[in-house]
Amino acid sequence: MMVNGFQFNQAARNTPSTRIVRQTDNKFDEIKDVFSLFDANKDNFLDYFEFKVSLRALGFKLKKDEVLRLMDQYGTKDGSKIDLNGFRKAMTPLISAVDPIDEYKKAFRLFDEGGSGIISAASIRRVARELGENISDEEIQAMIDEFDYTSHGGIIEEDFIKIMQSAQ
């Protein structure tokens, strides 16, 4: 199960330490993919502009002075470029500072397009279609029935956060 960029294997031993290892491995894979994608000239370094765009791709909107500070701290001696190892080191404190509740709320808003405060069957159907998933109306209703903890006829933000937390 994929949650907030992290892969969870329900069949694997589900202890806190194994969850952390899976989160770390998957996040580092994502970091490596982003690094490779934005290393435009394939020299195994990101310059300032490549680094700034890669940070944005990972959801971090840092100011110029913050980007330059990270490049100076984790990049080459002159601070003009950063390699994959430095990129990983720069990303570690940024990723650990992300509040999962805020991320869940952002994800909820992606489903709750109209701002009604409820993820309805129509909302799930729309997102499924956008993702190319073919889910029957019965399956969608079963999801709502299972996760409508507060009997609102849909999934409210509080229920959504509980769902996301239970997946961890």
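User: Is D137 buried or exposed, or does its accessibility fall in between?

Analyst: Accessibility is read in three classes: buried is under 20% relative accessible area, exposed is over 50%, and partly exposed lies in between (1.4 Å probe, protein chains only). D137 has a relative accessible area of 44% and is therefore partly exposed. This is a predicted model, in which local features need pLDDT of at least 70, side-chain atom pairs count only at pLDDT 80 or more, and totals for chains, interfaces and linings use all residues. Residues are numbered from 1 along each chain as its sequence is written, and side-chain values use heavy atoms, with hydrogens and water left out.

User: With which residue does D137 form a salt bridge?

Analyst: Side chains of opposite charge can pair when their charged atoms come close. The criterion for a salt bridge is a side-chain nitrogen of Lys or Arg within 4 Å of a carboxyl oxygen of Asp or Glu. The partner of D137 is R125, with the closest N and O atoms 3.0 Å apart. This pair links distant parts of the chain, as D137 belongs to helix α7 (residues 137-147) and R125 to helix α6, twelve residues apart. Helices (H or I, at least four residues) and strands (E, at least two) are DSSP runs, numbered from the N terminus. R125 is partly exposed, at 28% relative accessible area.

User: How many salt bridges does the structure hold, and which residues do shared partners join into one network?

Analyst: There are six salt bridges in the structure. E113, R126 and E130 are joined into one network by salt bridges that share partners.

User: Where does E113 lie, and which parts does its pairing with R126 tie together?

Analyst: The side chains of E113 and R126 meet in a salt bridge at 3.3 Å, N to O. E113 lies in the loop between α5 and β3 (118-119) and R126 in helix α6 (residues 121-130), so the pair ties together parts 13 residues apart in sequence. Their C-alpha atoms are 9.6 Å apart in space. With a relative accessible area of 58%, E113 is exposed, whereas R126, at 16%, is buried.

User: Why are E103 and K106 separated by about one helical turn?

Analyst: E103 and K106 are three residues apart in helix α5 (residues 100-111), which means a separation of about one helical turn. E103 forms a salt bridge with K106, and the closest N and O atoms are 3.4 Å apart. E103 is partly exposed at 23% relative accessibility, and K106 is partly exposed at 43%.
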